[in-house]
Amino acid sequence: MKIRVIELPLDFGASRRGSDMGPSAIRLAGLRQAIQELGHTCEEAFPGISVPAQEFLEVGDPQLKYLAPIAEACEELARRVEQAVLEGYFPLVLGGDHSIAIGTLAGLGAAYQKQGLRWGTLWVDAHGDFNTPETSPSGNIHGMSLAIACGYGHPDLVHLHGAFRKLDPAHVALVGVRDLDPGEKLNMKKAGLSVFTMTDVDRLGMAETVRRLVSFFRERVDRLHVSVDMDVMDPMVAPGVGIPLAGGFTYREVLLLAEELAASGLLASAELVEVNPVLDVRNQTAHMAVEIARRLLGGRVYE
Ligand SMILES: [Mn+2]
């Protein structure tokens, strides 16, 4: 495969600083080498998308903090992601906080609309990221990105990179969810998302969960995108994330998920977000992100 790594070092969609250093930490943890050892070509865009530091920006609307600079950076990301898909690349997007998914999903939506393909997204996250400005307790945009892609939220973000709904909520599944805001939960039910909570994963086991996820997408879409928020992991194994939340995936569970998604043959893009080196221990969360990427791209232990 031809992989194009696209970085967006943006951290002002979240209230904890530091995920802007995520792409650098993931590079340091050996991403390029891991991709090349699998026999793929790895292309990294240089210079990357430049983002002003949070200290020099105005917060703006407290229910949509840093709306303008997030929209601007996400527009550029959308353009690059769309171009990568149209040129036949597998885009691998590195964040940054999860607000960058607004750009990734807009770019994918635009590309697949041009190609006439149905596509879906697997949201691997402790949270739903399905708030609107009305329901968000914090006003942080990283908690709104999936809702925006599905057409709910501020028009500047919903209509980013084209005034159409980027992602059909009927083609979205979430897995690993264990913390939802009350209004967000109502938004999700209204949109009709398919949700596998952490409790569902406990009941079914990861092997059965991923079997169901793969058949869900196989019945509905031609292409699959996976967006991995590292806070889906248990903080015992991945301390370097913006919002650590107990009761997350084990390392083995996430690798099984990643391998099975790769084996499905549907996967055409991926995104890794919320690695926060300021909070990490010996860069272990970034190393984990690299291993997840390796398995998503076809890496196996014994074949
Ligand atoms: Mn998230």
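Tyrosine 112 and tryptophan 119 are both buried in this predicted model. The two residues form an aromatic pair of the tilted kind, with 5.7 Å from centre to centre and 40° between the planes. The count of aromatic pairs in the structure comes to 4.

A second pair joins phenylalanine 130 and tyrosine 152. The ring centres of phenylalanine 130 and tyrosine 152 lie 5.8 Å apart with the planes at 55°, so this pair is tilted. The contact links distant parts of the chain, the two residues being 22 residues apart. Phenylalanine 130 belongs to the loop between β4 (119-124) and α5 (145-149), while tyrosine 152 belongs to the loop between α5 and α6 (155-158). Phenylalanine 130 has a relative accessible area of 0% and is therefore buried, since buried means under 20%. Tyrosine 152, at 32% relative accessibility, counts as partly exposed.

Aromatic rings also meet charged side chains. The charged end of lysine 2 is placed over the ring of tyrosine 89, at 4.3 Å from the ring centre. Lysine 166 lies over the face of phenylalanine 164, and here the distance to the ring centre is 4.7 Å.

**The metal site**

A manganese ion is coordinated by four side chains: His98 through ND1, and Asp125, Asp129 and Asp229 through OD atoms. The coordinating distances run from 2.0 to 2.3 Å. Along the chain, the donors follow the spacing H-x26-D-x3-D-x99-D. Of these donors, aspartate 125 and aspartate 129 are buried.

**Pockets and the cavity**

The largest pocket holds about 300 Å³ of space. Its lining is made up of 21 residues, and those closest to the pocket centre are His127, His142, Gly143, Asp181 and Ile243. By class, 10 of the lining residues are polar, 8 are charged and 3 are nonpolar.

The second largest pocket contains about 160 Å³ of space. Its lining consists of Glu7, Pro9, Arg27, Glu44, Ala45, Phe46, Gly48 and Ile49. In this lining, 4 residues are nonpolar, 3 are charged and 1 is polar.

The structure also has enclosed space. A search of the whole structure finds 1 cavity of 30 Å³ or more. The volume of this largest cavity is about 40 Å³. Around the largest cavity stand Val124, Val226, Val228, Val254, Leu257, Ala258, Leu261, Ile292 and Leu296. The elements that contribute two or more residues to this lining are β7 (223-229), α10 (251-264) and α11 (284-296). The greatest contribution comes from α10, with 4 residues. The lining of the largest cavity comprises 9 nonpolar residues, with no polar and no charged ones.

The table sets out the volumes of these spaces and the classes of their linings.

| Space | Volume | Nonpolar lining | Polar lining | Charged lining |
|---|---|---|---|---|
| Largest pocket | about 300 Å³ | 3 residues | 10 residues | 8 residues |
| Second largest pocket | about 160 Å³ | 4 residues | 1 residue | 3 residues |
| Largest cavity | about 40 Å³ | 9 residues | no residues | no residues |

**Backbone features**

Most residues other than glycine have a negative phi, and most peptide bonds are trans. Several places in this model depart from that pattern.

The peptide bond from glycine 95 to glycine 96 is cis, and its omega is near 15°. Glycine 96 is located in the loop between β3 (90-95) and α4 (101-115).

Histidine 161 is not a glycine, yet its phi is positive, at about 60°. The residue is found in the loop between α6 and β5 (172-177). The relative accessible area of histidine 161 is 17%, which means that the residue is buried, the limit being under 20%.

Arginine 282 likewise shows a positive phi, near 50°, in a residue other than glycine. This arginine 282 is situated in the loop between β8 (267-273) and α11. With 80% relative accessibility, arginine 282 counts as exposed, because exposed means over 50%. The two positive-phi residues described here thus have contrasting surroundings: histidine 161 is buried, whereas arginine 282 is exposed.

Definitions and conventions:
Residues numbered from 1 in each chain as written. Predicted model: local features only at pLDDT ≥ 70, side-chain atom pairs only at ≥ 80, totals over all residues. Heavy atoms only, no water. Donors = N, O, S within 2.8 Å, 3.2 Å for Na, K, Ca; no water. Buried < 20%, exposed > 50% of the residue type's maximum accessible area, 1.4 Å probe, protein only. 1 Å grid on protein atoms, 1.4 Å probe; cavity = no way out; pocket = protein on both sides within 12 Å on 5 of 7 lines; lining within 4 Å. Points joined across faces, edges and corners; volume = space filled by probe spheres on them. Nonpolar A, V, L, I, M, F, W, Y, C, P; charged D, E, K, R; others polar. Phe/Tyr/Trp six-rings, centres within 6.5 Å; stacked < 30°, edge-to-face > 60°. Lys NZ or Arg CZ within 6 Å of the ring centre and 35° of its normal.
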